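This report looks at how one strand of a protein model is placed and what surrounds it. Please view the sequence and the model together while reading.

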Amino acid sequence: MNTSFEGTNCVILAAGEGKRMFSRTSKVLCEVASKPMVMWSADGARSAGIDSICVVISNPLVEQALKGQFDVCYQNERLGTGHAVLCAAEFLEKHKGEDTLILYGDAPFTDYKTMCDSLELHRSVGASATVISAELEQPHGYGRIYRENGEIAAIIEQADCNDKPEIDAIHEINSGAGWFNTEKLLETLKKIKPNNAQGEYYLTDAVKLLIADGNRVTCYRAETADVTLGANNPADLLKLNEIARDRIIAKHLANGVHFTVRDGIVISPDTEIAAGTDILPGTMLLGKCIIGKGCIIGPNTVMSNCTVGDNTHIDACRCYDSVVGNNCTVGPFTQIRPGSNIADGCKLGDFVEIKNSNIGEGTSVAHLTYIGDSDVGSYCNFGCGVVVVNYDGEKKNRTTVGDYAFIGCNTNLVSPVSVGNAAYTGAGTTVTKNIPDGALAVTRPELRIVNGWGARKLRKYIEKKNNLKK
Ligand code: UD1
Ligand code: CA
């Protein structure tokens, strides 16, 4: 496929209220394989090669999710899809002479091939509009493609065909995605009237209006129906998630990644996994994760936006926005919070939390330890129960630990403080001053031994118990 997307632009409709979805935020932020639906559409258009993309929104949370990567315009009243496109008029005016791809923010699967093939058809016949359709076994809820003499003549919405069984019986549906000559689109939008069951300005009415004005309208039938599926309610959303999961797992299987189950595995479409890595049950790889080869991830591990080297084992962990090197073992029950960088050969064990810290090569933090806002050297050993006291109630401070340092069990490192190379801290030490290289720091009251104290206690206890029995 060599389709050029030069001379094209894209408008994504994402301002609907999504009442049928009962979403806490906005329907288009509902996630499919952990990626908001609107991001599937927007990233899909961008990676196809469309540079100018405008998303029509109504909820500022959607603008936040788009992270300034796309133009946005607001539709302040939800008057229908035709009205929504009109809200992008200013954007479209700048692109007269081009072709506009319309995508719906609740239909995430419009793929590259469908975009290319439909654009080729659109261009080859000099169409003013090219609708992307599909044959669905269960077309209920979608707009139907009404044909006359084999050619598309109109799109009839579900709400307007309930009393027309012959239309209701049509299985060819409108995906919502399609191409328009930008100038014709602008002209036609102004002619759409809300004369329908829902009292909305339907973008789909543009089809019959364009034809009535003597323009050519074509229909590209997608090769597989999946690419056109949308989600209006929780059941649709689950269906899309199941399709996405199976597709994503199939892609990784083909690349040599091992799985023992599909259930409960969530992998974002943007995650990369190298061959020979095992993904165990209960693993979620969210955002953009990059996992090396020969790793074992899981069981029961959630990672978001993390990079992992080769041959690393991450078992029952939570890891966010961080990097873990090669040949590490992490977990069970380790949490790596944002901004952490774990070098090669580290061992992080159970109930260890690392936050915004660098941990040098070969360092071992085996159990029950918190390291926050710290720069730790290589080949250090942290005993059980070490706490970096990084927060003084007002601000976070950084701590530094040199190479080959040995931090004894139950040490508190009160930040900001530095521990020198090859320095030691005794068990139970609270460190409030910098420790020079090679030194030992101990804060420990003298141990007192009182002979016979425990034996006296025990005798009293036995007497009390015997008295109770009498
Ligand atoms: C729409 C199509 C239907 C098609 C189906 C495919 C129309 C009139 N109908 O129906 O032919 O089969 O999609 O999934 O276009 N939106 C706005 N502003 C609005 C209304 C909607 O931005 O005022 C956005 C929504 O956020 C959504 C998209 O447009 O992303 C589609 O709206 P929706 O209400 O879901 O339309 P459907 O009833 O699914
Ligand atoms: Ca919809």
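The text below covers the domains, then one strand and its partners, then a cavity.

The model is predicted. The domain assignment of the protein gives two entries, domain 1 (8–228) and domain 2 (317–441). Taken over C-alpha atoms, the centres of domain 1 and domain 2 lie 53 Å apart.

Strand β10 covers residues 172–181, and nine of its 10 residues are buried, so β10 is largely enclosed by the rest of the structure. Buried here stands for under 20% relative accessible area.

Which strands pair with β10? Strand β6 does so, and so does strand β7. The table sets out both pairings.

| Strand | Residues | Sense with β10 | Bridges | A pair of opposite residues |
|---|---|---|---|---|
| β6 | 99–104 | antiparallel | four bridges | D99 and N181 |
| β7 | 129–135 | antiparallel | six bridges | E135 and E172 |

The model also holds one cavity of 30 Å³ or more. The volume of the largest cavity is about 110 Å³. Its lining is made up of 15 residues, and those closest to the centre of the cavity are V131, I155, N174, G176 and F180. Elements that give two or more residues to this lining are β6, β7 and β10. How many residues does β10 give to the lining of the largest cavity? β10 gives six residues, the most of any contribution.

By class, the lining of the largest cavity has 10 nonpolar and five polar residues, and no charged residues.

Note on methods: Residues numbered from 1 in each chain as written. Chains lettered and ligands numbered in written order. Predicted model: local features only at pLDDT ≥ 70, side-chain atom pairs only at ≥ 80, totals over all residues. Heavy atoms only, no water. Domains from an automatic or database assignment. Buried < 20%, exposed > 50% of the residue type's maximum accessible area, 1.4 Å probe, protein only. Pairing = 2+ DSSP bridges. 1 Å grid on protein atoms, 1.4 Å probe; cavity = no way out; pocket = protein on both sides within 12 Å on 5 of 7 lines; lining within 4 Å. Points joined across faces, edges and corners; volume = space filled by probe spheres on them. Nonpolar A, V, L, I, M, F, W, Y, C, P; charged D, E, K, R; others polar.
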